[in-house]
Amino acid sequence: MSKGSWQALSQRLAARGERRLVLVEGAREQALALVGKVLSQLAPASGLWVGETAAVPHPALTAISANQARQHLGTENPLLVWDGWQGNPPDSLAALSGTLQAGGFWFWLMPELAEWGAFADPDYPRMGLSAEGQHPFMARMARVLAEDPSVIRVAADGDCLPQALTEDLPDQEAFRPAGTADQERAIEQIIHTGRGRRRRPLVITADRGRGKSAALGIAAVRLLQAGRNRILVVSPRKENVSTLFKHAATEAGQDYTGQTTLQTASGQSLQWLPVDDLLDRRPEAELVMLDEAAAIPAPLLRQILLGWPRVVFASTVHGYEGSGRGFNLRFRAVLDRETPHWQALTLEQPVRWSPSDPLEPLVNRLFLLDASATNPGQEGDCSIKQWQPAEAGEQDLSSAFGLLVDAHYRTTPGDLRQWMDDPHAVTLVARQGTDIVGVLWATVEGGLDMELAQKVMRGERRLKGHLLPQSLANHGGDAEAATLRMLRVVRVAVHDQCRRRGIGQALLHHAVRQATNLGLDAIGTSYGASQELLPFWQSAGFNTVRLGISREASSGEYAVQMLQGLTDTGVAVQQRLSNRFSEQWPVMLPVVWPSLSPELVLAITADLPPAPPLTEQELIELEAFAHGHRGFELTLAALRRLTMQAGVSVRLAASEQASLWVACVLQSRTWSDLRTQGLCHGQRDGESRVRKLTASMLSE
């Protein structure tokens with residue numbers, strides 16, 4: 001292997017602004033030895049090794065584990081070496097590929113492509129999948145790689161470059177990473193937002209390598225130099241903003257040493273804060289910038305949007321921590337409602353590599369990062385059928401996965417693997433003509449023996465997978481729930497142009513029929529609770545049986561779990577769980593969910609089995625409170641029982657004082673807190689309003 005060949009290729013690629021995947025196929029020990037030889041000749045100054053620390057093939061490489069890969073988003077690396085024999089989590093693979101610089105190589109050590117479909121990937125058990133057997137996701141990746149001429153395939157037992165590699169790269173004008181017209185426009189827009197009128201946020205979306213983080217850093221410093229005093233930066237992880245602060249330091253004429261705070265000579269500052277710190281401390285700032293906004297839960301984004309005068313949201317379109325496209329679709333309604341003068345900007349021209357770089361489109365194809373739903377043709381009847389993503393053609397697979405991406409902005413490459421390779425998955429698609437306009441993805445769970453179910457209920461065991469039955473057994477306190485065989489609906493997605501036509505409901509009805517045909521005991525779901533989604537599931541016959549006690553990282557919401565019994569056993573378990581949750585709800589609500597929105601509180605209450613009728617004594621107390629001077633605290637227990645009576649929560653929801661009732665009666669918020677929120681003028685006023693509403697509830 002001549003010294004100049006790999007170096008010459010790297011130099012040639014750097015001049016063209018391109019990167020390459022080098023697939024090292026064959027036995028692991030041979031592959032490690034070959035990569036060691038190549039790296040000794042390339043003599044890299046730095047790079048990343050993803051694999052066992054003891055096996056790092058070159059001293060210049062920093063060893064990290066696969067689950068640390070996403071911490072390097074926003075960084076740049078000249079070299080990546082990935083030991084696929086130790087596992088291949090898709091999210092991490094896709095994330096690291098976006099950090100590779102022009103002229104860089106991504107060495108991927110794997111079995112021969114023909115063996116990928118049956119490769120026992122060690123990462124599979126982490127997600128409850130068997131490493132043994134056939135893996136359609138891996139087989140598809142092998143096909144994509146085999147068909148891509150840019151992939152450099154090297155046999156682990158070989159000792160040379162593929163023939164005439166550099167001859168296939170014609171000369172072109174030398175590439176230099178530099179700002180683009182897109183990036184300059186972004187800088188101008190950020191500055192305009194930072195100096196402009198309040199409540200006119202800017203939303204920037206871009207693929208990787210388009211320079212959005214650099215634009216944020218450059219614009220921030222120019223704003224500080226123009227007179228702004230304090231700008232705050234927020235991102236999911238500290239590592240996400242390294243590029244931003246590197247360019248900010250350069251713009252300010254300072255050295256960059258990894259800092260996440262920058263101060264000008266005049267005392268103005270640019271500072272990074274974690275999301276939680278920002279919202280807890282609520283420091284003053286003229287502008288807040290959010291990088292990788294799609295990875296931040298929507299409720300937190302809304303708090304930031306309303307909490308500071310000027311906000312810039314920046315997100316990756318095809319993301320590894322979340323889709324910027326899905327983020328746009330879901331957050332757009334909030335922006336339209338709260339700040340209708342918001343602006344949007346998309347960056348398309350790459351900065352860190354040239355438009356001819358083949359690695360970006362290859363990674364997009366491997367993980368369907370650019371999957372998009374097909375716009376349906378003319379309206380017509382929909383047909384719904386069972387469907388196998390593992391057997392689908394690329395166009396249908398891209399359309400269906402694109403719908404899932406648009407429906408949930410935290411859809412990741414790992415979801416694609418789970419969907420394709422889970423042997424218990426059930427998928428239904430709705431077609432309008434030949435176009436896929438709706439998708440339902442579900443999986444069969446449960447069926448644990450009673451001895452194991454008891455251990456799950458007591459918290460002594462926790463299995464991979466079986467999300468819903470285990471949660472209901474453990475948190476719901478009903479071991480029999482884990483013995484049920486149930487279909488859990490993971491996602492339901494309908495094309496944006498086809499919503500409000502009953503397609504989602506039709507998919508759910510077909511899923512119920514499918515679960516019944518499979519002889520399952522129940523069908524259920526778990527999703528981020530919202531007052532918009534709850535009626536959709538309720539109207540399909542699903543019953544609320546549990547609400548999570550902490551917010552989900554993916555949605556920022558509490559997970560609501562719903563169940564519909566299909567057999568006598570399933571119905572009995574569902575009714576027990578609903579009844580138990582109904583008993584716990586008024587007790588847990590002020591302790592566990594004191595900030596839950598009043599609309600959602602009343603919607604969940606309406607879905608629960610009503611409490612036993614009020615006693616004669618409770619009615620006496622309520623009448624004395626409503627029409628006399630009985631104290632609020634003395635009547636609180638009866639007021640909560642009144643809320644749980646049949647139909648009361650529905651009537652409360654229609655009242656102008658619904659938020660006050662929920663806050664003081666159900667969530668035990670203080671009167672001073674309610675006054676601050678504008679729900680009343682103080683205790684006397686608040687109690688007066690609640691008395692009148694109580695009288696109204698008793699008279700109907």
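**Close-up views of a predicted model**

**Figure 1. The largest nonpolar core.** In this predicted model, the largest nonpolar core comprises 68 residues. Those with the most contacts inside this core are L487, L547, W585, L596, I604, F632 and V665. Helix α24, spanning residues 658–666, gives the most to this core, contributing eight residues. In soluble globular proteins, nonpolar side chains tend to be buried together.

**Figure 2. Surroundings of L547.** L547 is one of the residues with the most contacts inside the largest nonpolar core. When its neighbours within four places in sequence are left aside, L547 is in contact with A529, Y558, A559, V560, F581, W585, W593, L596 and I604. Among these partners, W585, L596 and I604 are likewise listed with the most contacts inside the core.

**Figure 3. A separate nonpolar core.** Apart from the largest nonpolar core lies another core, made up of 55 residues. Its members include M138, L362, L397 and A425.

**Figure 4. L300 in helix α9.** L300 belongs to helix α9, which covers residues 298–307. Because its relative accessibility is 18%, L300 counts as buried, the cut-off being under 20%. With residues up to four places away in sequence not counted, L300 touches V275 and L279. L300 and D276 are separated by 24 residues in sequence, and their C-alpha atoms lie 8.8 Å apart in space.

**Figure 5. G631 in the loop between α21 and α22.** G631 is located in the loop that joins α21 (616–627) to α22 (632–643). Its relative accessibility is 25%, so G631 counts as partly exposed. G631 and E687 are 56 residues apart in sequence, with a C-alpha to C-alpha distance of 8.8 Å. F632, with which α22 (632–643) begins, is among the residues with the most contacts inside the largest nonpolar core.

**Figure 6. A43 in the loop between α2 and β2.** A43 is found in the loop between helix α2 (28–42) and strand β2 (47–50). Although A43 is not a glycine, its phi is positive, at about 50 degrees.

**Figure 7. H466 in the loop between α14 and α15.** H466 occupies a place in the loop between α14 (450–457) and α15 (467–474). The phi of H466 is near 50 degrees, a positive value in a residue other than glycine. H466 has a relative accessible area of 24% and is therefore partly exposed.

Technical notes
Residues numbered from 1 in each chain as written. Predicted model: local features only at pLDDT ≥ 70, side-chain atom pairs only at ≥ 80, totals over all residues. Heavy atoms only, no water. Helix = DSSP H or I, 4+ residues; strand = E, 2+ residues; numbered from the N terminus. Buried < 20%, exposed > 50% of the residue type's maximum accessible area, 1.4 Å probe, protein only. Core = buried A, V, L, I, M, F, W, Y, C linked by side-chain atoms within 4.5 Å. Contact = heavy atoms within 4.5 Å.
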